[in-house]
Amino acid sequence: MDPPHPKTSFPSAYNPQFPPAAFQGPTGQTGYSGPQGTYLAPQAGYLGSYNAYQGPPAGSPIPPGPGHPGFPVQSQPGYGQLAGPTGTPWMPAPQPPLNCPPGLEYLSQIDQILVHQQIELLEVLIGFETNNKYEIKNSLGQRVYFAVEDNDCCTRNCCGPSRPFNLKILDNLGREVVTMERPLRCSSCCFPCCLQEIEIQAPPGVPIGYVTQKWHPCLPKFTVQNERREDVLKIIGPCIVCSCCSDIDFEIKSLDEQTVVGKITKQWSGIVREAFTDADNFGIQFPLDLDVKIKAVMLGACFLIDFMFFESTDNQQQKSGVW
């Protein structure tokens with residue numbers, strides 16, 4: 001398993017740019033209106049300066065040691081290679097908020113997620129497409145979830161990055177807490193119908209949200225929906241999605257597209273990794289008080305963007321993600 005990329009740590013003096021705001025409004029309200037009061041939009045490069053983090057600030061309380069009830073689990077029992085290296089601690093489970101699907105309580109106390117795709121040697125050496133695996137961490141480097149694609153060999157290698165898939169999100173006990181399903185859809189912007197979509201279920205079998213692609217001649221655009229198919233947020237990427245020596249931001253905006261409330265960032269991983277593998281690093285930033293269900297949907301949007309723009313290694317133009 002790859003060690004965390006050096007650009008995926010947050011500065012020790014990081015203060016969230018999104019002040020708390022009540023996400024859940026009165027009955028019948030749809031859409032996230034953005035933080036209230038004097039909101040300051042995130043600064044440029046906000047997610048790109050992860051390399052400055054040197055640990056918790058001075059004076060922070062020392063975490064409990066082994067045997068203490070709050071000490072994080074160090075491994076994932078019963079899942080073999082899915083557990084990853086035992087040196088990476090798991091995030092301790094917080095108290096679940098009201099009406100929170102089981103397993104999503106981890107998302108209630110974070111406003112950033114780091115997604116690290118694992119390098120598969122079989123893909124690097126012979127180009128044989130294998131099931132994708134991802135580590136999902138918080139800003140402190142603690143593992144929150146582990147994601148693994150569940151797909152057959154024929155579908156992976158015949159359909160490539162356009163393939164339908166079932167992605168399972170596992171918690172620190174190896175329980176499947178989220179399932180993400182992507183159907184087989186058209187992958188060309190020339191066809192305004194049958195565009196890309198992913199469904200997020202938590203617990204598995206219970207839909208909590210959707211991410212649907214919206215046709216646009218120049219921009220990659222997506223709509224984030226809740227379990228009732230009501231629009232909540234929008235995601236808009238750059239006109240040319242090029243990963244040449246720089247990060248790529250997909251902005252999360254309000255429904256009127258006037259307020260930026262977060263972003264999904266494809267992080268530059270270096271020449272060698274970008275050229276010879278399709279293992280990518282992502283950062284997701286959203287308001288701390290956003291509904292945990294919508295936070296999970298944002299994670300699904302990250303995986304959909306990865307498959308659509310950054311999955312292929314056979315065609316360098318597709319790897320660069322030219323829309």
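This passage describes aromatic contacts, charges placed over rings, and unusual backbone features in a predicted model.

Six aromatic pairs are present in the structure. One of these brings together Phe 282 and Phe 310, whose ring centres lie 5.9 Å apart and whose planes stand at 65 degrees to each other, an arrangement classed as edge-to-face. Phe 282 belongs to strand β12, which covers residues 281-285, whereas Phe 310 is placed in the loop between α4 (292-309) and α5 (316-320), so the pair ties together parts of the chain that are 28 residues apart in sequence. Both partners are buried: the relative accessibility of Phe 282 is 1%, and Phe 310 likewise has a relative accessible area of 1%. Phe 310 also pairs with Phe 309, and here the geometry is tilted, with 6.2 Å from centre to centre and 55 degrees between the planes. Phe 309 counts as buried because its relative accessibility is 4%, and the cut-off for a buried residue is under 20%. Phe 282, Phe 309 and Phe 310 are joined by Phe 250 in one aromatic cluster.

Aromatic rings in the model are also found beneath the charged side chains of arginine residues. Arg 143 lies over the face of Trp 90, at a distance of 5.0 Å from the ring centre. A second such arrangement involves Arg 229, which lies over the face of Tyr 210 at 3.6 Å from the ring centre.

Arg 229 is notable for its backbone as well, since its phi is near 65 degrees, which is a positive value in a residue other than glycine. This arginine, Arg 229, is found in the loop that runs between β8 (221-226) and β9 (231-236), and with a relative accessible area of 39% Arg 229 is partly exposed. Glu 257, which is not a glycine either, has a positive phi of about 65 degrees. Glu 257 is located in the loop between β10 (248-253) and β11 (260-267), and its relative accessibility of 26% means that Glu 257 counts as partly exposed.

A further backbone feature concerns the peptide bond between Ala 202 and Pro 203, which is cis, with an omega of about -5 degrees. The proline of this bond, Pro 203, is found in the loop between β6 (197-201) and β7 (207-214).

Note on methods. Residues are numbered from 1 along each chain as its sequence is written. This is a predicted model: local features need pLDDT of at least 70, side-chain atom pairs count only at pLDDT 80 or more; totals for chains, interfaces and linings use all residues. Side-chain values use heavy atoms; hydrogens and water are left out. Rings of Phe, Tyr and Trp (its six-membered ring) pair if their centres lie within 6.5 Å; planes under 30 degrees apart count as stacked, over 60 as edge-to-face and the rest as tilted. Helices (H or I, at least four residues) and strands (E, at least two) are DSSP runs, numbered from the N terminus. Buried means under 20% relative accessible area, exposed over 50%, partly exposed in between (1.4 Å probe, protein chains only). A charge sits over a ring if NZ of Lys or CZ of Arg is within 6 Å of the ring centre and within 35 degrees of the ring normal.
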